[in-house]
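Visitor: I would like a close look at a single part of this structure, please. Could you pick one helix and walk me through what surrounds it?

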Amino acid sequence: MKRIFSTAAMLLSAGLALAACGSSGSGGNPLDTTSAQPSGAASSAPAGGGKAIIGSFDFDESVLLGSIYAQALEAKGVQVEEKPRIGSREVVYDQVKAGGLTIVPEYNGNLLAFIDPKTTAGTTADVDTALKEKLPDTLEILTSSPAEDKDSLSVSEASAAKDSLKSIEDLAKVSKTMVVGGPPEFKKRWEARFKEVYGLEFKEWKPTGPTTADAIKDGTIQVGNVFTTDPKIIANKLVPLADPKNIFPAQNVTPLVYKAGTNDTIKTTLDAVSAKLSTQSLIEMMTKISVNKDEPATVAKEWLSANGFG
């Protein structure tokens, strides 16, 4: 809320975040509305290693990705300042746009939906093309990673079996009896779109935030917005429903950068990191953080070392 606009053409307002795709069961999501005061504008990167201020959203996966970026850049001689857990996309985007942040690990579909709520782009290529057209001149995206943390509507195994639920489309026959949970902004951003695309009308909407996966397990809600790299999908035996009408677009991990604050060292290093990241590696790293309670910086260091960035 991963990741917290939670996504594409289907979103209702221009102010978006988690999360994500970022992962709702792992300390927050891309949609969390926690605020922070903007930092001062970052200076343009000088020659050589340069300098970078790296921000992240207020959820564990974003903090992890920010630490991966930071440690990879430090190994290349870049002077790095980390500003983790700043808050929602609304807050973080304004800071990087103004130059107060140099780099933010983003989710391309959520970012596009934040900038252009009416977008219909769904694939990675289409989303990235649209972003390059829509972003202001001060910003750019670097190469998107294959790693993806998508939004899902998930249910318990028992609910899936009882009501024969395999896709979001199947919810239409039972949604009026169901309580749905997700980030605080979930209802505002998705209620009309779910009705328009899938004919869904829920009995009640509850702001469950990072406890969404647990709330499905204990029956507090019957369906929830859980991000696909959340280890609790497996731990809680949840079933992410298929999305045949692609209401949730591509959500690739993608560095968003302030142009004047970057140089070739920063760009080539982050592109190399993106090339190595995978969805499976995100799941494995998030399991260490969520289940084993390892620190994101420690997990980041281990991944970088294992992938030749040590």
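Guide: Happy to; here is a walk around helix α9 and the core beside it.

A word on the ground rules: this is a predicted model, in which local features need pLDDT of at least 70 and side-chain atom pairs count only at pLDDT 80 or more, while totals for chains, interfaces and linings use all residues. Residues are numbered from 1 along each chain as its sequence is written, and side-chain values use heavy atoms, leaving out hydrogens and water.

Helix α9 covers residues 264-276. Helices here are DSSP runs of H or I with at least four residues, strands are runs of E with at least two, and both are numbered from the N terminus. The expected span of a helix is 1.5 Å times one less than its number of residues. For the 13 residues of α9 that gives 18 Å, and the end C-alpha atoms lie 19 Å apart, which agrees.

Now look at which way the side chains turn. I266, T269, L270, V273 and S274 are buried, where buried means under 20% relative accessible area, exposed over 50%, and partly exposed in between, with a 1.4 Å probe and protein chains only. These buried residues sit on the same side of α9, because they cover an arc of only 140 degrees around the axis; the arc is that of the directions from the helix axis to the C-beta atoms. The face turned away from them carries the exposed residues D264, T268 and A275.

What lies over the buried side? The cover includes β1 (51-57), α1 (60-74), β3 (103-107), β10 (253-258) and α11 (296-306). From the strand β3 side, I103 is in contact with I266 and L270, among others including Y69, L73 and L256, leaving aside neighbours within four places in sequence. Contact means heavy atoms within 4.5 Å.

At the start of α9, a side-chain oxygen of N263 reaches to within 3.1 Å of the backbone nitrogen of T265.

I103 also leads us to the largest nonpolar core, which has 52 residues; L64, I68, I103 and L277 have the most contacts inside it. Such a core is a set of buried Ala, Val, Leu, Ile, Met, Phe, Trp, Tyr and Cys residues joined through side-chain atoms within 4.5 Å. Helix α1 gives the most to this core, with seven residues. Apart from it lies another core, of 21 residues, among them L153, W205, I247 and F248.

Methods:
Polar contact = N/O pair within 3.5 Å; in protein donor to acceptor, adjacent residues only side chain to side chain.
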